[in-house]
Amino acid sequence: MKSPMLTLESILVLDAIESRGSFASAAEQLNKVPSALSYIVQKLEEQLSVTIFVRKGRRSVLTPAGKHLLDEGRKVLSAVSKITEQTQTLAHGWEPKIRIAYDSVIEIEPVFYVLERFLLEHPNIEIELCEHVMHGSWEALFEDKVDLLIGGAGPIPAQAGIRSEKILELDSQLIASSNHEINHIYKPVTHDDIAGYRTVVVHDSSENYVPWSTNFISQSRHFYVSTVAQKIKAIEAGIGVGFLPTERVSQQLQKGSLTVVETDNKLPVVELFLSWKTVNKGKGLMRLKTLLLEQYE
């Protein structure tokens, strides 16, 4: 005995009948005779041992079983359409998906503006976006987990086949909540001064490489978080102090919830890069890279 077969043609027929309300109208839409549609529906009902349509006045209405069949069938039609579009996209040199990592240190809003513009141009390309920290960002690129890295911090790790272009320079300072007691030190604070307070630290997301630690105060008590956004919130809540790019907290500094604590040593500027593997030559990646470089000019 053959298993019941639900074909794409039968799903299209059910969709047309349900949308147009009658076999005759659906037949006109599909450029078929009504008897051909009746035959397809009848055979499907026999195979599945269910009633798919019932008559209500002049309309053909789905039964609960028919509605379930069509709802699930439309998912199949959508998947087939997606596969078709992606295949055509790939055939013309445009990859169906681009995987992107961004380092937690950068502000994500400008990236979303670029992605919105890119997707308006290329709506059939999927985007997968993930957040990483420090060496974990580079690791994602090196291990082919992503195709593009936005905001990887220098110095660029030694790795063959990687191309990078500088997009930003970040100037970091010691940041505390406006009512934190470290503000009562009326002189530039030293490393030893900071060590007397709890510091908020972002964990490196690297799994297989040696983690980085920047501006780490070894003698202090630590409060660990997963992202720079969490670090900002923790410092704003008064949990501890920490070094942050001043442009990431410009609004909080302006409204007074956070303050810059003067230190005796100025931190070096950190360079951030847009990086990709040179073997990746998809047109989508190249176009997105161009738009991002324009954004950060």
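Buried residues have under 20% relative accessible area, exposed ones over 50%, and partly exposed ones lie in between (1.4 Å probe, protein chains only). The model is predicted, so that local features need pLDDT of at least 70 and side-chain atom pairs count only at pLDDT 80 or more, while totals for chains, interfaces and linings use all residues. Residues are numbered from 1 along each chain as its sequence is written, and side-chain values use heavy atoms, with hydrogens and water left out.

**View 1. The aromatic pair of F23 and F53.** Rings of Phe, Tyr and Trp (its six-membered ring) pair if their centres lie within 6.5 Å, planes under 30 degrees apart being stacked, over 60 edge-to-face and the rest tilted. The count by this rule is two aromatic pairs. One of them joins F23 to F53 in an edge-to-face arrangement, with 5.8 Å from centre to centre and 70° between the planes. This pair links distant parts of the chain, 30 residues apart, since F23 belongs to helix α2 (residues 23-30) and F53 to strand β1 (residues 53-56); helices (H or I, at least four residues) and strands (E, at least two) are DSSP runs, numbered from the N terminus. Both F23 and F53 are buried.

**View 2. The hairpin of β1 and β2.** Strands β1 and β2 run antiparallel and are joined by four bridges, where two strands pair if DSSP finds at least two bridges between them. Across this pairing, F53, the residue whose ring meets that of F23, stands opposite L62 in β2. The hairpin has two residues between its strands, and G57 in this hairpin takes a positive phi near 65°. Strand β2 (residues 59-62) presents two unlike faces, a covered one with S60 and L62 and an uncovered one with R59 and V61. L62, which stands opposite F53, is thus found on the covered face of β2.

**View 3. The open sheet of β10, β7 and β11.** This sheet of three strands has the order β10-β7-β11, and its pairing is antiparallel. Because β10 (242-245) and β11 (258-261) stand at the edges, each with a single partner strand, one side of each is left without a neighbour in the sheet. Strand β7 (residues 172-177) is joined to β11 over four bridges in the antiparallel sense, and four bridges likewise join β7 to β10, again antiparallel. L174 stands opposite V261 in β11, and the bridge partner of L174 in β10 is F243. Although β10 is an edge strand, both of its faces are covered, with G242 and L244 on one side and F243 and P245 on the other, all of them buried.

**View 4. Strand β6, with I167 and the salt bridge of R163 and E165.** I167 lies in strand β6 (residues 162-170), and at 8% relative accessibility this residue counts as buried. I167 and E297 are 130 residues apart in sequence, yet their C-alpha atoms are 7.1 Å apart in space. The side chains of R163 and E165 meet in a salt bridge, at 3.6 Å from N to O; a salt bridge is a side-chain nitrogen of Lys or Arg within 4 Å of a carboxyl oxygen of Asp or Glu. R163, at 43% relative accessibility, counts as partly exposed, and E165, at 27%, also counts as partly exposed.

**View 5. The salt bridge between helices α8 and α9.** The side chains of K255 and E236 meet in a salt bridge, with 3.7 Å from N to O. The pair links distant parts of the chain, K255 being in helix α9 (residues 250-255) and E236 in helix α8 (residues 228-236), 19 residues apart. With a relative accessible area of 63%, K255 is exposed, whereas E236, at 21% relative accessibility, counts as partly exposed.

**View 6. Further salt bridges, with D193 and K187 as one pair.** The structure holds 21 salt bridges. Among them is the one that D193 forms with K187, the closest N and O atoms of which are 2.9 Å apart. K187 counts as partly exposed, at 44% relative accessibility. Elsewhere, R117, E121, R287 and E294 are linked in a network of salt bridges.
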